[in-house]
Amino acid sequence: MKALALVCSLKPSPAASSSALIAQQVLDKMAERGVTGELVRVVDHDVKPGVEADMGDGDAWPEIRRKIAAADILLLSTPTWVGHMSSVAQRVLERLDAELPETDDEGRPGMFGKVAVTAVVGNEDGAHKITADLFQALNDTGFTVPAQGGTYWNGEAMKGGDYNDLDETPDAVESTNSTVARNAVHLAKLLKEKQYPAS
């Protein structure tokens, strides 16, 4: 089984990224269950604005789209900016909109049978709202979200500090990362064995 983490940090590589860190932690938990993971920092690629599968010359989305198609699990990880998901995460959702008319040989949406989970970090509140927005958009696109399919960390409001500055992962986040990974892998295996009915 394969998992793809799309990290929607505003920081290009090789800058340290809390969104990348928490995504890698979840991928590591999935790896313990036999899942091969790949992490892509979206801002490192020229993903054009738009709602088509390919926005033309120089658009990096088609290659990312191929990676999504090859994965059983999609992890979308974003920082919190002014109480919202990053603009990079919003762009990913906009580009995923092109998947709505795409169907398999039996007429099912192309993302049916794929699992999606989320990770949100920030030093302000907003993780629950961002998670809800991500869940809705991913579900609309055809992904299936497992029980407790989102993990997050929020630092103290109006103070600095990032997730990747912590000396160790808080117990609650560690536990939630494990739950997200465990439930995502379980659900992906079930859907791989028995796809949604076409009619």
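How exposed or buried is K48? At 24% relative accessibility, K48 counts as partly exposed, because the partly exposed class lies between the 20% limit for buried residues and the 50% limit for exposed ones. The model discussed here is predicted. It holds ten salt bridges and two aromatic pairs. The points below take up charged pairs, aromatic rings, a helix with its cover, selected buried positions and the backbone.

**Salt bridges**

- K48 takes part in a salt bridge with D46, with 2.9 Å from N to O. Its partner D46 is partly exposed, with a relative accessible area of 42%.
- E174 and K29 form another salt bridge, in which the closest N and O atoms are 2.4 Å apart. This pair links distant parts of the chain, since E174 belongs to helix α5 and K29 to helix α1, 145 residues apart.
- The two partners of that bridge fall into separate classes of accessibility: E174 is partly exposed at 32%, whereas K29 counts as buried at 15%.
- Within helix α2, the side chains of E63 and R66 meet in a salt bridge of 2.9 Å, N to O. The two residues are three places apart, about one turn of the helix.
- An α-helix has 3.6 residues a turn, so residues three or four places apart point the same way.
- E63 is partly exposed, with a relative accessible area of 38%, while R66 is exposed, at 51%.
- A network of salt bridges links D104, E106 and R108.

**An aromatic pair and its surroundings**

- A pair of aromatic rings is described by the distance of the centres and the angle of the planes.
- One of the two aromatic pairs is formed by W153 and Y163, with 5.6 Å from centre to centre and 45° between the planes. The pair is classed as tilted because its angle is neither under 30 degrees nor over 60.
- The pair links distant parts of the chain: W153 is in strand β6 (residues 150-154), and Y163 is in the loop between β6 and α5 (171-193), ten residues apart.
- Both rings belong to buried residues, as W153 has a relative accessible area of 12% and Y163 one of 2%.
- Y163 also appears among the contacts of S18, together with V121, D162 and N164, when neighbours within four places in sequence are left aside.
- S18 lies in helix α1 (residues 18-31) and counts as buried, at 10% relative accessibility.

**Helix α3 and its cover**

- Helix α3 (residues 87-96) has as its buried residues V88, A89, V92, L93, R95 and L96. These residues lie on the same side of α3, because they cover an arc of only 165° around the axis.
- The cover over the buried residues of α3 includes β1, α2 (61-70), β3, β4 and α4.

**T80 in strand β3**

- T80 lies in strand β3 and is buried, with a relative accessible area of 11%.
- Beyond its neighbours within four places in sequence, T80 is in contact with V120, V121, G122, E124, D125, I130 and N154.
- T80 and A127 are 47 residues apart in sequence, but their C-alpha atoms are 7.1 Å apart in space.

**V82 and a nonpolar surface patch**

- V82 lies in the loop between β3 (73-81) and β4 (84-85). At 79% relative accessibility, it counts as exposed.
- Together with L10 and W81, V82 makes a nonpolar surface patch of about 350 Å².

**Backbone features**

- Most residues other than glycine have a negative phi, and most peptide bonds are trans.
- V82 has a positive phi of about 45°, although it is not a glycine.
- Q148 likewise has a positive phi, near 45°, and is a residue other than glycine. It lies in the loop between α4 (127-141) and β6 and counts as exposed, at 61% relative accessibility.
- The peptide bond from S13 to P14 is cis, with omega near 10°. P14 is placed in the loop between β1 (2-7) and α1.

Methods: Residues are numbered from 1 along each chain as its sequence is written. This is a predicted model: local features need pLDDT of at least 70, side-chain atom pairs count only at pLDDT 80 or more; totals for chains, interfaces and linings use all residues. Side-chain values use heavy atoms; hydrogens and water are left out. Helices (H or I, at least four residues) and strands (E, at least two) are DSSP runs, numbered from the N terminus. Buried means under 20% relative accessible area, exposed over 50%, partly exposed in between (1.4 Å probe, protein chains only). Contact means heavy atoms within 4.5 Å. Patches are made of residues with over 30% relative accessible area and no salt bridge: like charges are joined within 9 Å, nonpolar side chains (Val, Leu, Ile, Met, Phe, Trp, Tyr) within 5 Å. Accessible areas come from the Shrake-Rupley method with a 1.4 Å probe; for residues, only the protein chains shown count as cover. A salt bridge is a side-chain nitrogen of Lys or Arg within 4 Å of a carboxyl oxygen of Asp or Glu. Rings of Phe, Tyr and Trp (its six-membered ring) pair if their centres lie within 6.5 Å; planes under 30 degrees apart count as stacked, over 60 as edge-to-face and the rest as tilted. The arc is that of the directions from the helix axis to the C-beta atoms.
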